[in-house]
Structures are given as structure tokens and as C-alpha cells.
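Reader: I should like to learn how the features of a protein model are read. May we take them one at a time, beginning with the sheet?

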Amino acid sequence: MRRSSSEPAVSESNNGSKESIEWELRPGGMLVQKREDGVGAAGPTIKIKVSHGSYEHEITVPAQSTFGELKKVLAQETGLEPQEQRLLFRGKEKENDECLHMVGIKDMSKVLLLEDPASKEWKLEQMKRDQGISKACEAVARVKAEVDKLAEKVSPLESAVHSGTKVAEKEFVVLTELLMMQLLKLDSIEAEGDAKVKRGTEVHRVQNFVETLDLLKARNSNPFSKSGNAISVTTQWETSGSGLGSLKAPRPVTSPTKNNQ
């Protein structure tokens with residue numbers, strides 16, 4: 001009589017003890033003893049050769065796995081997410097819910113792995129974008145280094161003017177022109193993301209230095225004027241298409257000096 005899979009059988013071992021035997025139903029209706037060697041109800045395992053470009057991977061999976069389950073294993077080997085993978089067997093792409101053994105895959109069968117074209121294109125675009133951001137950050141960093149050097153020349157001028165020491169007007173003009181050249185370099189940098197933020201920060205920094213030099217130049221030309229009669233010099237920034245201030249040399253605008261009799 002055929003025993004049901006739900007009824008464990010009892011056998012007697014060599015030492016007289018009784019052991020229960022568990023059965024399992026295999027595909028096709030065959031009732032066999034359940035194995036305890038790690039295979040279990042999933043069935044025997046098979047090795048599959050998966051070709052991916054110039055690489056070939058040997059993947060061990062249960063014979064009754066689906067292609068979706070195979071993709072999860074391949075994700076660990078290739079770094080491609082399951083949704084980025086296309087698996088082909090005998091020239092036909094297989095769906096995730098198809099079983100390996102149902103389409104004829106056996107031990108050492110060959111499967112072709114391709115990367116999804118849309119995913120590959122997106123990765124290439126992302127790579128180009130990352131490279132562009134990296135180059136822009138490097139360009140901004142170079143300008144920042146030059147501005148740091150020029151900033152070291154602003155502090156001595158500021159100290160001299162505040163102490164009442166007369167400074168040659170040429171000092172202010174030359175330093176302003178050098179700062180404006182760095183502003184031109186910043187405007188020529190095409191930046192996105194973090195690089196765009198860094199560029200904007202550096203632009204405002206340069207503009208602040210230029211405005212400081214304008215004020216120092218005005219005070220240097222009239223050191224004994226009172227606050228109400230001091231010459232007011234302001235730098236007018238025009239907005240360019242990129243949203244940055246105009247990179248043309250600023251024209252100082254002076255307000256009429258009050259004449260006190």
C-alpha cells in the first residue's frame with residue numbers, strides 16, 4: 001500500500017531504536033524519502049554557466065528555482081540589480097516567474113546575461129554627469145586658491161587705510177582687476193549640483209572683496225572726511241543669464257561731496 005506524504009513511516013535501526021521517516025512528493029507524483037543533506041524539499045542543486053560580457057560565472061541554485069531567484073543570486077556576483085538583468089536561454093529572454101527545469105535547464109547549462117539597455121544608458125548619463133561635476137569642482141577649487149592669495153593682499157590695505165596711511169591708488173585698481181579676472185573664470189565654469197553651490201559661494205566671496213576695495217579706495221582718497229560727507233562708492237552688479245553677477249569691471253558711482261563753508 002502506498003503511504004501518504006503526511007504520515008511518517010517508522011523504521012527500526014540496527015540498535016533496536018525506532019526512527020521516523022519523512023516523505024516528500026516530487027514533481028510528477030513520485031513519493032520519495034525526504035533528504036537531510038541540505039537539499040530538502042527544494043530538490044537537488046545544479047550548476048549553471050552564466051555568460052556576462054567577457055566574464056563567465058558558475059552559479060549553484062536549486063534545480064526548481066525561477067529565473068527571478070537566479071537574478072537575485074547573480075546580483076551578488078555581478079553588482080547588477082535584478083531589474084537591470086535580462087536572462088536569455090537558447091536565444092529567448094525568460095520571465096522572472098519561469099522555472100529553470102521547466103524550460104530545460106540542467107546541470108552545466110549555459111545562460112546569457114545582458115544588462116537592460118535603458119539601465120545601461122541611465123548609468124552612462126549618470127557617469128558623465130558625475131565626471132562633469134567632479135571637473136567643475138576642481139575648476140572652482142583652482143579659482144578659490146587664487147582668490148585666497150589675493151585675499152591676503154586685501155587685509156594689509158585695509159589695515160593701512162584704517163590707520164590713516166596713504167596708499168597708492170594703483171594698489172586698489174590692480175587688485176580689483178585681478179579679482180575680476182577670477183570672477184570671469186568662475187562664470188565660464190558650467191556646474192551642476194554641489195559644484196554649482198561652491199561656484200556661487202566663491203562668486204559672492206569675490207564680489208565682497210571687490211566692494212571692500214571700493215570702500216577702502218574712497219576712504220583712502222579722502223581720509224579726513226566725516227561719515228556724512230564721505231564719498232560713497234558702490235559696485236553695481238548686473239545679472240547675467242547664469243544668475244551670477246555681471247563679470248564686467250564695476251564702475252564706481254560717487255555721490256556729490258557736500259561742501260561745508
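Reader: In what order do the 5 strands of the open sheet lie, and is the pairing parallel, antiparallel or mixed?

Author: Please note at the outset that this is a predicted model. As a general idea, strands of a sheet pair through backbone hydrogen bonds, in either a parallel or an antiparallel sense. Here the open sheet follows the order 6-5-9-7-8, and its pairing is mixed. Strand 6 and strand 8 (92-93) are the edges, each pairing on one side only.

Reader: Which sense does each pairing of strand 9 take?

Author: With strand 5 (residues 45-52), strand 9 (residues 109-115) pairs in the parallel sense over 4 bridges; K49 stands opposite K110 there. With strand 7, strand 9 runs antiparallel, and 4 bridges join the two. L87 has L113 of strand 9 as its bridge partner.

Reader: How many residues lie between strand 7 and strand 8 in their hairpin?

Author: The hairpin has 2 residues between its strands, and R90 in the turn has a positive phi of about 55°. Strand 7 and strand 8 are antiparallel, paired over 2 bridges, with F89 opposite K92 of strand 8. Strand 7 is also mostly covered, as 4 of its 5 residues are buried.

Reader: Let us turn to the edge of the sheet. Is E56 buried, exposed or partly exposed?

Author: The reading rests on relative accessible area: buried means under 20% and exposed over 50%. E56 has a value of 46%, so this residue counts as partly exposed. E56 belongs to strand 6 (residues 55-62). Beyond residues up to four places away in sequence, E56 touches K49, V50 and S51. The C-alpha atoms of E56 and L112 are separated by 9.3 Å, although the two residues are 56 apart along the chain.

Reader: Why do the buried residues of helix 1 line one face?

Author: In general, an α-helix has 3.6 residues a turn, so residues three or four places apart point the same way. In helix 1 (residues 67-78), the buried residues are F67, G68, L70, K71, L74 and A75. Viewed down the helix axis, these buried residues fall within an arc of 150°, so they line one face. The face turned away from the buried side carries the exposed residues K72 and Q76.

Reader: What covers the buried residues of helix 1, and what follows the helix?

Author: The cover includes strand 5, strand 6, strand 7 (85-89) and strand 9. After the helix comes G79, with a positive phi near 85°. As for its length, helix 1 has 12 residues and reaches 15 Å from first C-alpha to last, close to the 16 Å expected at 1.5 Å a residue.

Reader: Which elements give two or more residues to the largest nonpolar core?

Author: The largest nonpolar core has 29 residues, and those with the most contacts inside it are F172, L179, L186, I189, V206 and L213. Its contributors of two or more residues are helix 2 (117-162), helix 3 (169-187) and helix 4 (194-221). Helix 2 supplies the largest share, 13 residues. Apart from neighbours within four places in sequence, the contacts of F172 include L157, V161 and L213. A second, separate core of 17 residues includes V61, L70, L80 and V103.

Reader: How many helices and strands does the whole protein have, and what share of its residues is buried?

Author: The secondary structure comes to 4 helices and 11 strands. Of the 261 residues, 32% count as buried.

Note on methods. Residues are numbered from 1 along each chain as its sequence is written. This is a predicted model: local features need pLDDT of at least 70, side-chain atom pairs count only at pLDDT 80 or more; totals for chains, interfaces and linings use all residues. Side-chain values use heavy atoms; hydrogens and water are left out. Buried means under 20% relative accessible area, exposed over 50%, partly exposed in between (1.4 Å probe, protein chains only). Contact means heavy atoms within 4.5 Å. Two strands pair if DSSP finds at least two bridges between them. The expected span of a helix is 1.5 Å times one less than its number of residues. The arc is that of the directions from the helix axis to the C-beta atoms. A nonpolar core is a set of buried Ala, Val, Leu, Ile, Met, Phe, Trp, Tyr and Cys residues joined through side-chain atoms within 4.5 Å.
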